[in-house]
Amino acid sequence: MYRLTFANPASVVYLGIVGASVVFEIAAALLSDPGIVGVWPFLLTAPTSLVTVTVGQALWNDVAPGWFLVAGVVFSALLQSFALGAVLETLRARRRVVTRPIRG
């Protein structure tokens, strides 16, 4: 599970992009008015982050706490990183099967 989530090129790039968007959001919030910068982590982790926002709105009557939204982005990024790793591993396995020489 660790290998699929963190130790493959697709997951590393994806988590790096999501992490960079979070760092940029924090910097924008600390240095000036962030505007709509905060939407990028949600868009980069969509559709699972949008499901967590919907769940948060249902649980807290349209005002989900910040910790829940942050946890939703983190959970979504890790889930999608795992999915990217699984897809990459599946594609690599298929390529190995197809390119294996026939002995006979």
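**Exercise 1.** Which backbone oxygen does the side chain of Gln80 reach, and at what distance? Describe the surroundings of Gln80 as well.

*Solution.* The model is predicted, and every step below is a reading of its atoms. Start with the position along the chain: Gln80 is found in helix H5, which covers residues 66-99. Next, look at the side chain of Gln80, which reaches the backbone oxygen of Thr45 at 3.5 Å. Then list the contacts, leaving out residues up to four places away in sequence: Gln80 touches Tyr14, Leu44, Thr45, Ala46, Pro47 and Thr48. Finally, decide how covered the residue is. Gln80 has a relative accessible area of 15%, and the cut-off for buried is under 20%, so Gln80 counts as buried.

**Exercise 2.** Find the residues that a cis peptide bond joins, and say where Pro47 sits.

*Solution.* Begin with the general expectation, which is that most peptide bonds are trans. Now turn to the bond between Ala46 and Pro47, which is cis, with omega at about 10 degrees. To place it, note that Pro47 is found in the loop between helix H3 (39-44) and helix H4 (48-59). As a last step, link this with the first exercise, where both Ala46 and Pro47 appeared among the residues that Gln80 touches.

**Exercise 3.** Examine the backbone of Asn61 and Asp62, and decide from their accessibility whether each is buried, partly exposed or exposed.

*Solution.* As background, most residues other than glycine have a negative phi. Asn61 has a positive phi of about 50 degrees although it is not a glycine, and Asp62, which is not a glycine either, has a positive phi of about 70 degrees. For the location, Asn61 is in the loop between H4 and H5, and the place of Asp62 is likewise in the loop between H4 and H5. For the accessibility, the cut-off for exposed is over 50%. Asn61, with a relative accessible area of 65%, is therefore exposed, and Asp62, at 62%, counts as exposed too.

**Exercise 4.** Set separation in sequence beside separation in space for the pairs Phe75 and Pro9, and Gly66 and Gly56.

*Solution.* Take Phe75 and Pro9, which are 66 residues apart in sequence and 19 Å apart in space, going from C-alpha to C-alpha. Gly66 and Gly56, in turn, are ten residues apart in sequence and 9.9 Å apart in space, again from C-alpha to C-alpha. Now add the setting of two of these residues. Phe75 lies in helix H5 and, at 47% relative accessibility, counts as partly exposed. Gly66 also lies in helix H5, and its relative accessibility of 45% makes it partly exposed.

**Exercise 5.** Describe the chain as a whole, from its secondary structure to its surface and charges.

*Solution.* First, the secondary structure comes to five helices and zero strands, which gives the pattern α-α-α-α-α along the sequence. Second, consider the dimensions: the C-alpha trace spans about 65 × 30 × 20 Å along its principal axes, and the radius of gyration is 18 Å, whereas a compact globule of 104 residues would have one near 13 Å. Third, turn to burial and surface. Buried residues make up 23% of the 104 residues, while the chain exposes about 7400 Å², with carbon and sulfur atoms supplying 73% of that area. Fourth, among contacts between residues at least 6 apart in sequence, 64% join residues at least 24 apart. Last, count the charges: the chain has 7 positive and 4 negative side chains, and the centres of the two sets lie 35 Å apart.

Technical notes. Residues are numbered from 1 along each chain as its sequence is written. This is a predicted model: local features need pLDDT of at least 70, side-chain atom pairs count only at pLDDT 80 or more; totals for chains, interfaces and linings use all residues. Side-chain values use heavy atoms; hydrogens and water are left out. Helices (H or I, at least four residues) and strands (E, at least two) are DSSP runs, numbered from the N terminus. The radius of gyration is taken over C-alpha atoms; the globule rule is 2.2 Å times the number of residues to the power 0.38. Buried means under 20% relative accessible area, exposed over 50%, partly exposed in between (1.4 Å probe, protein chains only). Contact means heavy atoms within 4.5 Å. Accessible areas come from the Shrake-Rupley method with a 1.4 Å probe; for residues, only the protein chains shown count as cover. Lys and Arg count as positive and Asp and Glu as negative; His and the chain ends are not counted. The place of a charge is taken as NZ of Lys, CZ of Arg, CG of Asp or CD of Glu. A polar contact is a pair of N or O atoms within 3.5 Å; within protein, one must be able to donate a hydrogen and the other to accept it, and residues adjacent in sequence count only if both atoms are side-chain atoms.
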